Amino acid sequence: RNFSQNDMIRSFAGTVIPKILTSRQAWLVIFEYIIIRVLLREKIIERGDDLPDISTAALAIIGSFMSFFLVFFVSQAYARFTASYGLSMNIDARIANITYLARSALKPAEAMRLARYANALHAVAYIGLSDAYTYSNLLQPLNEKYRLLTDFELQRLNAVGFKKGGACSREIVAWMLDLLYTAFRESNARKEEGVVPIDNNTLTTMASEILQLRGSIFDMYAAAEQSIPFTYMHLLVLINGGYLILISYCIGVYFALSHSVFPDLLGAFMLACHIVFVIGMRQIGRHMIDPYGSEVQDLAVPSFLEGTIRSTRQILQGQRFIAADFEKEEFLDSFRPQLGEGYTEQTLAYATTHAHPVKGLPNYDLDAGHVSSSPVLAKQIGAQAAPSSNLKSRGSHSSPNVLKSRSIDVEMEV
């Protein structure tokens, strides 16, 4: 993504060049061109009756049809690749939603366990989805680093079978729902002991998020199992091969012979451009059809997994909610402008050097967290010039209607 144009040109790994160099079709048309040029130079055959010219109009029609067919194939493959990326990001978002709700509604131990199951479900889903990811190269390193599953849980999933499609995914979804409904029943059973129960709306929302996570994983499996029809791919390869054979012949016959090798080199360069376009575009499309492979251009599944695990841990370890202080919130609210208004320097200066703008309340020390009679904010920010005239509003541009709507009498002294 951050490569410059020169870096991209010099790059080799992750490009279509290695695939082209190992393509039999590419070497076949190259040998065809070399044989034609050698036969012409040795005058074994002559242009005309031995090597008839092909009409450029006929070749243009074939090339246009082939180009349209090839570009359409790559476009469809890219749309499939983009849809797969969207499904992966949707799974990430669902796990974050589940973690947020679990943090707020469940006990800390239950919330951590539910988030652990959600991340394990994320990893197991990719193992059943692609042959590129296995227990040994994906789940085992993640489990050793983040402890997503216990030994007993791993034994259970191994008995189910990691490679049996979504079998392990369905197992973990059942664990998550069991944990949620068990916590719901226990919290309601201990309501008389002072335990805050999980309400029905929260239960329904959390269960819905878990089932939608399962649905996103199912959609990912459904998209991966929707293979490209063989007849479609066969026709594409057949048209590409026929076009390259024709273009190699035309380029070999087109350039006149001379004592210099420049026409031969120029023809070879033109043929190379056609090979790179035809075979390169086809290879790009075939790679994007299966975005969950091990190639450089495939989706970065390990990065997705670790990013999701870190985000859920950050959610769980966040600062817990602190009860609101009404006087502090009222003090802060008195400085917030109405729609269409903005803070003014005079308002800020007066607020930090004079009495509390609401009648009957002294200054509020925001840092200390309590009400005091001394202008603490004035000491911190520094006194500024007071307004030059008596005002009845929080700012020099406030209107009487705003004051009436908030029912707050404000006095400002010079």
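So, secondary structure: the protein chain comes to 16 helices and two strands. Keep in mind that this is a predicted model. The chain has 414 residues, and 40% of them count as buried. If you take the contacts with a separation of 6 or more, 74% of them join residues 24 or more positions apart.

Okay, let's look at how some of those helices pack. Two packed helices are described by the angle between their axes and the distance between the axes. Start with helix 10, residues 230-254, and helix 11, residues 262-289: their axes are 10 Å apart, and the angle is about 175 degrees. Anything over 145 counts as roughly antiparallel, so that's what helix 10 is to helix 11.

Who's touching whom? On the helix 10 side we've got M233, L236, V237, N240, Y243, L244, I247, S248 and I251, and they meet a set in helix 11 that includes G267, M270, L271 and H274. Sort the residues of this contact by class and you get 12 nonpolar, four polar and two charged.

Now stay on helix 11 and bring in helix 4, which covers residues 56-105. Are these two parallel or antiparallel? Well, their axes cross at roughly 25 degrees and come within 8 Å, and under 35 degrees counts as roughly parallel, so helix 4 and helix 11 get that label. The crossing of helix 4 past helix 11 is left-handed. In the contact, helix 4 brings residues including M66, S67, L70 and V71, while helix 11 offers F277, V278 and M281, among others. The split here is 14 nonpolar, two polar and three charged. By the way, V278, R282 and R286 of helix 11 turn up in the contact with helix 10 and in the one with helix 4.

Last topic, aromatics. How many aromatic pairs does the structure hold? Nine. Let me pick out Y117 and W175: the ring centres are 5.4 Å apart and the planes sit at 50 degrees, so we call the pair tilted. Y117 is in helix 5, residues 108-129, and W175 is in helix 8, residues 167-189, so this pair ties together parts that are 58 residues apart in sequence.

And are those two buried or exposed? The cut-off for buried is under 20% relative accessible area. Y117 has 4% relative accessibility, so it counts as buried, and W175, at 16%, counts as buried too.

One more thing to find on screen: F65, F69, F73 and Y232 form one aromatic cluster. F73 is also one of the helix 4 residues in the contact with helix 11.

Methods: Residues are numbered from 1 along each chain as its sequence is written. This is a predicted model: local features need pLDDT of at least 70, side-chain atom pairs count only at pLDDT 80 or more; totals for chains, interfaces and linings use all residues. Side-chain values use heavy atoms; hydrogens and water are left out. Axes are lines fitted to C-alpha atoms, for helices over the stretch in contact, and angles run from 0 to 180 degrees between N-to-C directions. Angles under 35 degrees count as roughly parallel, over 145 as roughly antiparallel, 65 to 115 as roughly perpendicular and the rest as oblique. Contact means heavy atoms within 4.5 Å. Ala, Val, Leu, Ile, Met, Phe, Trp, Tyr, Cys and Pro count as nonpolar, Asp, Glu, Lys and Arg as charged, and the others, Gly among them, as polar. A crossing is left-handed if the near helix is turned anticlockwise from the far one by less than a right angle, and right-handed if clockwise. Rings of Phe, Tyr and Trp (its six-membered ring) pair if their centres lie within 6.5 Å; planes under 30 degrees apart count as stacked, over 60 as edge-to-face and the rest as tilted. Buried means under 20% relative accessible area, exposed over 50%, partly exposed in between (1.4 Å probe, protein chains only).
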